[in-house]
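Trainee: Could we go through the side-chain contacts in this one together?
Mentor: Certainly; please bring up the structure.

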Amino acid sequence: MRAVRTLLLAAGIGVMHQAVLHAQADDLVARAIRAYGDVELATAVGYLRRWLASDAAAHAPRDTVELVLSYLGAAEVLRGYPDSADAVFERLVELNPRGQVDQLIFPPEVTGRFAAVRARTKVVAVDFAPVTELHPGGAVFTARLYASSPHQLRVALRRAAGGAVRTLYTGVIGDSLSVLWDGQDSSGAWVRAGSYVLEAFSAVAGGRPQPVLQLPLEIAVQAPETPAAPPPFPDSLLLPGRRGAGPGMEALPGGLVAGAGG
């Protein structure tokens, strides 16, 4: 399987304009943090929401977005808007299931509220090698899953057009979990080339399993390289009664090249 990735390419035109936008956005974050420190919570919330709605936020590093969401959720907690704070913290957990709210910066009522939201928000993130070559008895495709909180999880592979291929894991995920796949379906046959999806479903007590991860996989069959056959020995070198070399077995099918696209 070969990785299929979407690349965002920035043209040189308008670079100066983008730089000005980023500088203005960074200023909004700095002003918001100062306002939070001065307990001007409504002002801080206004700056932070303006930043999140800006063009710069869409292309900002993840840690910057996490910082903004942390301060926004904290400000909403402290000014008495728990529902708004919960919505912000849910967004923070979805952005980074393993993220935390800094206990050295925020008071217990903020960190405690975030911990409660994280415990009930079931999210899974994935880490994987972009390309993996699969061979019979050789390497396997490995997806490392990270959970926001422990819960029941089912991981399965299906064809992109529909149709189950194989269930890879059913059970509890704690902090993390490695899911392995050897390129075979539930019957033990090697899958064909094409588009597939690795899916994870989280189950909460009393509720239906919800899809929390969909990882596209593109599978291609790589033909083996067959070396040229050596010339046959001349009959003069063969012992009496020996026959010349006949055609050998055809090359076995090549392995799979596995990868994923996000």
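Mentor: What follows concerns salt bridges and aromatic pairs in this model, which is predicted.

Trainee: How many salt bridges are there in the whole structure?
Mentor: A search of the whole structure gives 9 salt bridges.

Trainee: Which residue does R79 meet in a salt bridge?
Mentor: R79 meets E76, with an N to O distance of 2.6 Å.

Trainee: Is E76 buried or exposed?
Mentor: E76 has a relative accessible area of 3%. That value is under 20%, so E76 counts as buried. R79, in contrast, is partly exposed at 32% relative accessibility.

Trainee: Which residues are linked in a network of salt bridges?
Mentor: The network links R49, E76 and R79.

Trainee: What about R120; which residue is its salt-bridge partner?
Mentor: The partner of R120 is D86, and their closest N and O atoms are 3.0 Å apart. This pair joins distant parts of the chain, since R120 belongs to helix α6 (residues 108-120) and D86 to helix α5 (residues 82-95), 34 residues apart.

Trainee: And how accessible are R120 and D86?
Mentor: R120 is partly exposed, at 46% relative accessibility, whereas D86 is buried, at 9%.

Trainee: Where do R166 and D182 lie?
Mentor: Their side chains form a salt bridge at 2.7 Å, N to O. R166 is in strand β5 (residues 164-173) and D182 is in the loop between β6 (176-181) and β7 (194-203), so the salt bridge ties together parts that are 16 residues apart in sequence. R166 is partly exposed, with a relative accessible area of 26%, and D182 is partly exposed at 26% as well.

Trainee: Changing topic: how many aromatic pairs are there?
Mentor: The count is 4 aromatic pairs. In one of them, the ring centres of Y36 and Y71 are 5.2 Å apart and the planes stand at 85°, so this pair is edge-to-face.

Trainee: Which helices does that pair tie together?
Mentor: Y36 sits in helix α1 (residues 15-37) and Y71 in helix α4 (residues 62-78), so the contact ties together parts that are 35 residues apart in sequence. Both Y36 and Y71 are buried.

Trainee: How are F89 and F114 arranged?
Mentor: F89 and F114 are also an edge-to-face pair, 5.4 Å centre to centre with 80° between the planes. F89 lies in helix α5 and F114 in helix α6, so parts that are 25 residues apart in sequence are tied together. F89 is buried at 0% relative accessible area, and F114 is buried at 3%.

Trainee: Which residues form one aromatic cluster?
Mentor: Y36, Y71 and F106 form that cluster.

Conventions
Residues numbered from 1 in each chain as written. Predicted model: local features only at pLDDT ≥ 70, side-chain atom pairs only at ≥ 80, totals over all residues. Heavy atoms only, no water. Salt bridge = Lys/Arg side-chain N within 4 Å of Asp/Glu carboxyl O. Buried < 20%, exposed > 50% of the residue type's maximum accessible area, 1.4 Å probe, protein only. Helix = DSSP H or I, 4+ residues; strand = E, 2+ residues; numbered from the N terminus. Phe/Tyr/Trp six-rings, centres within 6.5 Å; stacked < 30°, edge-to-face > 60°.
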